[in-house]
Amino acid sequence: MSHEKIAQADSRWLDDPEVFRVNELPAHSDHRFYRNQDEIKRDQSSFVQSLNGDWRFSYAKDPMSRQKDFYKADFDSGNFDTIRVPGLIEFAGYNKIHYINTFYPWEGKEFRRPAFTMGPDQDEAGMFSKGKDNHVGAYVKKFTLNPDLHGHDVRIRFEGVETAMYAWLNGHFLGYAEDSFTPHEFDLTSYLTDGENTLAVEVFNRSTASFLEDQDMFRFFGIFRDVSLIAQPAVHIEDLSIKPTVNDDFQSGRLKVEAQFSGQQSGVVAHLTVADATGRQVYETRSEVDSDVQLADTPFKTIHLWDNDNPYLYQLTITLTDKDGRTLEVVPYQFGFRRIEINQDKVIVLNGKRLIIKGVNRHEWDAESGRVVTMSDMKQDIETFKKNNINAVRTCHYPDHISWYYLCDTNGIYMMAENNLESHGTWQKLGSVEPSYNVPGSVPQWRAAVLDRAKNNYETFKNHTSILFWSLGNESYAGDDIEAMNSYYKEVDPSRLVHYEGVFHNPKYKPTISDVESRMYATPTEIEAYLKDNPQKPFLLCEYMHDMGNSIGGMKSYMDLLDKYPMYQGGFIWDFIDQAVAVKDEVTGQKVLRYGGDFDDRVSDYEFSGDGLMFADRTEKPAMQEVKYYYGKY
């Protein structure tokens, strides 16, 4: 799309893979900012106003029957229903709950092929903008700006909206966004009023983004993560890049801190401090603010290393003051020193020692609310990890709630941070590899969309110590577009490794995609054959020990490979928690867990949604005992 401000929404964007963000602010680091230290202690920034809660809501079964002018300033939404945000439209009872794995949810009902995959003239106009199965949710929220936000530029931040969204304020078009699992921000400033404001959001269940979000999961839509108004301080750190490096002696290192600023910067000073885990200040510097400035580049003669056994974090604090010494903004961020690399023996090492991944794949899930997860859910999952010797997590198959990354930092959980990408149904049909209309593949019209997803993932989470691997996505075959994603990560972040499994199915890209040989469900015999045959890359299993039914038996055969082959690095069990919904049984009146197919959902993969080490209510299954035993041996 053009960088010029677009004034009107267009439903045809739903059909066009080259339109995926309109009027959206650039992705940036996830740092939080406060007015003073007291706000940091309370973890409550007066720059932020939550819009979570009850919203007015109207549901339409397709784009043609939706209320098209609901966003106008004079529209009366008094007869709309009420829905909770964050929440999912299906959980509010408006749409059928539907679980599917590799197929697309419209298979057997609607014939669709991704735009431009069958030829450069095949734009598939109307595929989703006029799709009879494309459900629509219209949201309206009335709000008055908190006094603390007055006098500032204000933006709105949507943490997660599935699948495609349009937004308006007081009848003015704000923008359009896809990529369901990363934050989206729009500038509100010129459209705000002093009194009541009307925010309108239109969410479509399906768009071209649906081809890229074919993950093994229940297919929902709606505003499922937090929505916030965010005031920008007079001078603001727009983006923060923290780059700690470890020297070859693994006892010293270097810290670089770079920032991009917005606002009137004349006379503004940035005061940067670093404290160790005991609170003792170990570094301090001051510098005048410019639009793009390096705040620190300094050696650390002695460092404490971060790892799973000792997740040692330093506290970085940046305080901006004006020419009169008044505090404008305070930004805290914890970081650690650690070094991930592949050594001369083609072994992945962390801080010079062989890395052994004792991991799980973790969908975000809550039996009572689906993909709307709570801080309690996340903290409980961390406790389960630590109790059962799980040291690593793959964010399958999308970026997670921002709080999860901070929890992994502080608890020493190694992370494979995956892009929101899976196009399984475009290349694998009924088990056969048949990529005739695969996306993104090498289709040029789909490249910018997946590169945008890679940028969203990197820019948002780049400062998290726990991230050791960037993962390009899941089960999307391989081609020039994923190769371009790999190149992007290598360009912006050579300090981490890049992972992708799907290149196994299209091996001509192996030299240019993925630092590791990654496979799914390879047998111990197959792994050993690879490791004995002059392997070019270290080996890990991004999915193994599929925990469905009475599974996980035979885990010893995989763990024994760790003792025999240094280039075998372990893997991530599929998966951590069942996807099942807690409902009241119609006959007994008791609370029960229901799986795919239990909601009259077709086409469905039925109980395949239940392959976790825990039930959906977070009760551990017997299989967890085996995981705890074998993971505890290494």
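Here is a quick briefing on the pocket, the strands around it, one open sheet and some salt bridges.

This is a predicted model, so local features need pLDDT of at least 70, side-chain atom pairs count only at pLDDT 80 or more, and totals for chains, interfaces and linings use all residues. Residues are numbered from 1 along each chain as its sequence is written, and side-chain values use heavy atoms, with hydrogens and water left out. Helices (DSSP runs of H or I, at least four residues) and strands (E, at least two) are numbered from the N terminus.

**The largest pocket**

- The largest pocket holds about 840 Å³ of space, and 35 residues line it, with Arg32, Val48, Glu159, Asp226 and Ser228 nearest its centre.
- A pocket here is an open set of points on a 1 Å grid over the protein atoms alone, where a 1.4 Å probe fits, with protein on both sides within 12 Å along at least five of seven lines; lining residues have an atom within 4 Å of a point.
- Strands S2 (48–50), S7 (153–158) and S15 (227–232) and helices H3 (375–387) and H4 (402–411) each give two or more residues to that lining.
- S15 gives the most, with four residues.
- By type, the lining splits into 12 nonpolar, 13 polar and 10 charged residues; Ala, Val, Leu, Ile, Met, Phe, Trp, Tyr, Cys and Pro count as nonpolar, Asp, Glu, Lys and Arg as charged, and the others, Gly among them, as polar.

**S15 and H4, two of the lining elements**

- Six of the six residues of S15 are buried, where buried means under 20% relative accessible area, exposed over 50%, and partly exposed in between (1.4 Å probe, protein chains only).
- Val227, Leu229 and Ala231 cover one side of S15, and Ser228, Ile230 and Gln232 the other; all are buried.
- S15 pairs antiparallel with S2 over three bridges and with S7 over six; strands count as paired if DSSP finds at least two bridges between them.
- Ser228 is the bridge partner of Ser50, and Ile230 is that of Arg155.
- Nine of the 10 residues of H4 are buried, so this helix is largely enclosed by the rest of the structure.
- Right after H4 comes Gly412, with a positive phi near 70 degrees.

**The open sheet**

- Seven strands make an open, antiparallel sheet in the order S1-S10-S9-S12-S6-S3-S4.
- S1 (21–22) and S4 (81–85) are the edge strands, each with a single partner, so one side of each has no neighbour in the sheet.
- S3 (53–60) and S4 pair over five bridges, and Arg56 has Thr82 as its bridge partner in S4.

**Salt bridges**

- The count is 49 salt bridges, taking a side-chain nitrogen of Lys or Arg within 4 Å of a carboxyl oxygen of Asp or Glu.
- Asp239 and Lys462 are one such pair, with their closest N and O atoms 2.8 Å apart.
- Asp239 is in strand S16 (235–246) and Lys462 in the loop between H5 (444–461) and S31 (467–471), so the pair ties together parts 223 residues apart in sequence.
- Asp239 is buried at 11% relative accessibility, and Lys462 is buried at 6%.
- Glu620 and Lys387 also meet in a salt bridge, at 2.9 Å from N to O; Glu620 is partly exposed at 27%, and Lys387 is partly exposed at 47%.
- In the Glu586–Arg594 bridge, at 3.1 Å, Glu586 is exposed at 66% while Arg594 is buried at 16%.
- Arg155, Arg157, Glu159, Glu185 and Glu238 are joined into one network by salt bridges that share partners.

Notes:
Grid points are joined across faces, edges and corners, and a volume is the space filled by probe spheres set on the points.
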